[in-house]
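Open the model in your viewer and keep the selection box at hand. Each stop below tells you what to pick and what you will find there.

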Amino acid sequence: MSKKISSLEDLGGFVFSTNKDFDFDQHQEDETTLDPKDQFLEAHLDKKNRAGKVATVIKGFVGSADDLKALGKELKTLCGVGGSAKDAEIIIQGNFRDKIMDHLKNKGYKVKRVGS
């Protein structure tokens, strides 16, 4: 499978342009974080590639990597477990989907339960 390219950094910093007036700094994307009321998140339970262990995966976050990591840290602290936050996903070790969904709804996020 091919790897999804989501930014210029995924290309290794190489940019080719036939435009001699191309300004690389102008085209850098500084993704701003949407307000919680404008975010549509999905809460999944996942066992794939985890040696049969369950993980709660929150998908659909739109915003900067720093804000994603901050929300991930908040959820890990809430549940008292480990996890990670990258590529617009927050992965929390264990089945904490209901607890995380309640917390996110209280913060103003729109959260949809996906799967059983």
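**The sheet**

Begin with the strands: an open sheet of 5 strands, in the order 3-4-2-1-5, with mixed pairing. Two strands pair if DSSP finds at least two bridges between them. Helices (H or I, at least four residues) and strands (E, at least two) are DSSP runs, numbered from the N terminus. The model is predicted: local features need pLDDT of at least 70, side-chain atom pairs count only at pLDDT 80 or more, and totals for chains, interfaces and linings use all residues. Residues are numbered from 1 along each chain as its sequence is written, and side-chain values use heavy atoms, with hydrogens and water left out.

Now look at the edges of the sheet. They are strand 3 and strand 5 (110-113), and each pairs on one side only. On average, neighbouring strands of this sheet are turned by 20 degrees against each other, direction ignored. Such angles run from 0 to 180 degrees between N-to-C directions; axes are lines fitted to C-alpha atoms, for helices over the stretch in contact.

**Strand 4 and its partners**

Select residues 89-93, which are strand 4. Strand 2 (residues 55-59) runs antiparallel to strand 4, joined by 4 bridges. Thr56 has Ile92 as its bridge partner in strand 4. Lys59 has Glu89.

Next add residues 83-86, strand 3. Strand 3 also runs antiparallel to strand 4, again with 4 bridges. Here Ala85 is bridged to Ile90. The two strands form a hairpin with 2 residues between them. Click Asp87 in the turn: its phi is positive, about 55 degrees.

**Two buried polar residues**

Zoom in on Thr56, in strand 2. Is Thr56 buried or exposed? Thr56 is buried, with a relative accessible area of 0%. (Buried means under 20% relative accessible area, exposed over 50%, partly exposed in between, with a 1.4 Å probe and protein chains only.) The side chain of Thr56 reaches the backbone oxygen of Gly94 at 2.7 Å. Beyond neighbours within four places in sequence, Thr56 is in contact with residues including His44, Leu45, Phe96 and Ile100. Contact means heavy atoms within 4.5 Å.

Move to Gln39, in the segment before strand 1. Gln39 is buried too, at 1% relative accessibility. Leaving aside neighbours within four places, its contacts include Thr33, Phe61, Val62 and Tyr109.

**Helices and core**

Show helix 1 (65-79). Helix 1 lies across strand 2, strand 3 and strand 4, at about 20 degrees to strand 4. Helix 2 lies across strand 1, strand 2, strand 4 and strand 5, at about 160 degrees to strand 5.

Now select Ile58, Leu71, Leu75, Ile90, Ile100, Leu104 and Tyr109. Of the 16 residues in the largest nonpolar core, these touch the most other members. A nonpolar core is a set of buried Ala, Val, Leu, Ile, Met, Phe, Trp, Tyr and Cys residues joined through side-chain atoms within 4.5 Å. Strand 1 (40-46), helix 1, strand 4 and helix 2 (97-106) each supply at least two residues of this core. The largest share, 4 residues, comes from helix 1.

Center on Leu104. Outside its neighbours within four places in sequence, Leu104 is in contact with Leu41, Ile58, Leu71, Leu75, Tyr109 and Val111.

**Salt bridges**

Turn to the charged side chains. How many salt bridges are there? The count is 4. A salt bridge is a side-chain nitrogen of Lys or Arg within 4 Å of a carboxyl oxygen of Asp or Glu.

- Pick Glu89 and Lys59, whose closest N and O atoms are 4.0 Å apart. Glu89 lies in strand 4 and Lys59 in strand 2, so the pair ties together parts 30 residues apart in sequence.
- Pick Glu74 and Lys107, at 3.0 Å. Glu74 is in helix 1 and Lys107 in the loop between helix 2 and strand 5, so this pair ties together parts 33 residues apart in sequence.
- Pick Asp98 and Arg113, at 2.5 Å, N to O. Asp98 lies in helix 2 and Arg113 in strand 5, so parts 15 residues apart in sequence are tied together.

**Last stop**

Finish at Gly80, in the loop between helix 1 and strand 3. Gly80 is exposed, at 65% relative accessibility. Gly80 and Gln93 are 13 residues apart in sequence and 9.5 Å apart in space, C-alpha to C-alpha.

Conventions. Polar contact = N/O pair within 3.5 Å; in protein donor to acceptor, adjacent residues only side chain to side chain.
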